[in-house]
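Biologist: I'd like a close look at one part of this protein, and I'd rather have one connected story than a list. Could you walk me through it?

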Amino acid sequence: MRLATFTHRGRTRPGVVVDDDTIADLAGASGVAPDVAALLVDLAPVRAALATAPRLPLADVHLEAPIPRPGKFLGVGLNYASHAAETKREPPAFPVFFNKQVTCVNPPFDPIQLPRVSTQLDYEGELAFVIGRRCRHVPRGRAREVIGGFTIVDDVSVRDWQRRAPTLTLGKSFDTHGPMGPWIVTTDAIDDPHALALETRVNGVVRQAGTTADLIFDCFTLVEILSTVCTLEPGDVVTTGTPAGVGVADGAFLRVGDLVRITIAGIGAIEHRVIAEPEEVP
């Protein structure tokens with residue numbers, strides 16, 4: 001099942017993408033929660049509502065980030081063997097977690113901004129998982145049970161600001177620098193999240209071509225570690241790292257006008273153009 005958050009005629013609500021052209025509108029359906037994070041807790045009402053939910057052309061709606069304001073938005077640095085190799089660094093012995101501030105979350109097809117304070121804007125195509133159940137102290141063998149689904153994130157990075165502090169958070173949190181979507185594919189529809197092909201193109205040129213099999217710390221291990229420290233809640237998003245091919249490796253940073261497209265097999269694709277940061281804050 002593909003769960004989406006969308007806006008149509010000025011109203012934002014949850015839906016299910018039923019095919020490549022159509023979305024089922026869940027607004028007002030009996031027993032159905034009003035947002036995707038709450039839907040993940042119990043999918044039974046969603047399945048029941050699909051038979052009668054009105055359909056809309058997907059082309060007529062604006063897809064938002066499926067979780068517009070996650071309670072937690074966490075990333076993992078240097079979590080692909082290929083990326084560690086290209087940066088000439090040893091793979092970490094323990095995951096390098098960081099926060100992305102939730103105000104960076106961006107719809108899957110909206111533009112991202114080149115900050116006025118930097119020219120070192122970089123892309124990072126990533127698989128992300130979304131927590132579906134409130135949980136704590138989850139053993140790795142049961143981690144799949146608490147994951148509600150999977151989505152795509154571009155962990156957009158401002159490299160010079162990233163280097164200014166060891167937490168990485170500043171360089172990961174600029175406004176618009178968390179494109180997410182286009183929807184959440186529920187866990188039951190992904191046989192193995194650690195066998196998915198990932199590709200990033202910039203202006204049509206392949207820059208990243210990897211697979212989630214190259215993860216150093218897989219999704220289930222990340223759940224185990226994080227839930228040891230803090231309670232995980234429905235809608236929390238963890239983006240899991242990026243394979244080789246990022247711009248900083250060869251100095252090919254993003255410029256205004258560039259088009260980034262990230263595809264993950266079994267999920268879909270997100271796409272966003274780079275624009276200059278506006279002079280005025282909206």
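Which residues lie nearest the centre of the largest pocket, and how many residues line it?

Modeller: Happy to, and bear in mind that this is a predicted model. The largest pocket is lined by 22 residues, and those nearest its centre are His 83, Arg 89, Arg 159, Gln 162 and Leu 168. Its volume comes to about 450 Å³. As for chemistry, the lining is a mix: nine residues are nonpolar, six are polar and seven are charged.

Where does the lining come from? Four elements each give at least two residues to it: strand 6 (73-77), helix 3 (81-86), strand 7 (96-99) and helix 4 (159-162). Let's follow those elements outwards.

Start with the loop between strand 6 and helix 3, where you'll find Leu 78. Its backbone is a bit of an oddity: phi of Leu 78 is near 50°, a positive value in a residue that isn't glycine. For context, most residues other than glycine have a negative phi. Leu 78 counts as buried, because its relative accessibility is 12%. Past helix 3, in the loop that leads to strand 7, sits Lys 88. Lys 88 has a positive phi as well, near 55°. In contrast to buried Leu 78, Lys 88 is exposed, with a relative accessible area of 76%.

Now over to helix 4, which holds Trp 161. Searching the whole structure turns up one aromatic pair. Its partners are Trp 161 and Phe 174, with ring centres 5.7 Å apart and planes at 85°; planes over 60 degrees apart count as edge-to-face, so that is what this pair is. The two residues are 13 apart in the chain, with Phe 174 in the loop between helix 5 (169-172) and strand 14 (178-186), so the pair links distant parts of the chain. On burial, the two fall on either side of the 20% cut-off. Trp 161 is partly exposed at 22% relative accessible area, while Phe 174 is buried at 18%.

Strand 6 and strand 7 also take us to helix 6. The buried residues of helix 6 pack against both of these strands, and against strand 11 (125-131), strand 12 (147-154) and strand 17 (237-239). Helix 6 covers residues 219-229, and eight of its 11 residues are buried, so the rest of the structure largely encloses it. The buried ones are Cys 219, Phe 220, Thr 221, Leu 222, Val 223, Ile 225, Leu 226 and Ser 227. At the start of this helix, a side-chain oxygen of Asp 218 comes to within 3.2 Å of the backbone nitrogen of Phe 220.

From helix 6, step across to strand 12, one of the strands packed against its buried residues. Strand 12 contains Thr 151, and this residue is buried, with a relative accessible area of 0%. The Thr 151 side chain reaches two backbone oxygens, that of Gly 181 at 3.1 Å and that of Trp 183 at 2.8 Å. Pro 182 is found in strand 14, and the peptide bond joining Gly 181 to Pro 182 is cis, with omega about 0°. That's worth a pause, given that most peptide bonds are trans. Beyond residues up to four places away in sequence, Thr 151 touches a good list of others, including Pro 66, Glu 126, Leu 127, Met 180, Pro 182 and Ile 267.

One last stop is well away from helix 3. Arg 55 is in strand 4 (residues 55-57). Arg 55 and Ala 85 are 30 residues apart in sequence, yet their C-alpha atoms are 47 Å apart in space. Arg 55 counts as partly exposed, because its relative accessibility is 41%. Its side chain has a polar atom 2.7 Å from the backbone oxygen of Leu 50, and there is also a polar side-chain atom of Arg 55 at 2.9 Å from the backbone oxygen of Ala 53. Setting aside neighbours within four places in sequence, Arg 55 is in contact with Val 18, Thr 22, Ile 23, Ala 24 and Leu 50.

Notes. Residues are numbered from 1 along each chain as its sequence is written. This is a predicted model: local features need pLDDT of at least 70, side-chain atom pairs count only at pLDDT 80 or more; totals for chains, interfaces and linings use all residues. Side-chain values use heavy atoms; hydrogens and water are left out. On a 1 Å grid over the protein atoms alone, a cavity is a set of points where a 1.4 Å probe fits but cannot get out, and a pocket is an open set with protein on both sides within 12 Å along at least five of seven lines; lining residues have an atom within 4 Å of a point. Grid points are joined across faces, edges and corners, and a volume is the space filled by probe spheres set on the points. Ala, Val, Leu, Ile, Met, Phe, Trp, Tyr, Cys and Pro count as nonpolar, Asp, Glu, Lys and Arg as charged, and the others, Gly among them, as polar. Buried means under 20% relative accessible area, exposed over 50%, partly exposed in between (1.4 Å probe, protein chains only). Contact means heavy atoms within 4.5 Å. A polar contact is a pair of N or O atoms within 3.5 Å; within protein, one must be able to donate a hydrogen and the other to accept it, and residues adjacent in sequence count only if both atoms are side-chain atoms. Rings of Phe, Tyr and Trp (its six-membered ring) pair if their centres lie within 6.5 Å; planes under 30 degrees apart count as stacked, over 60 as edge-to-face and the rest as tilted.
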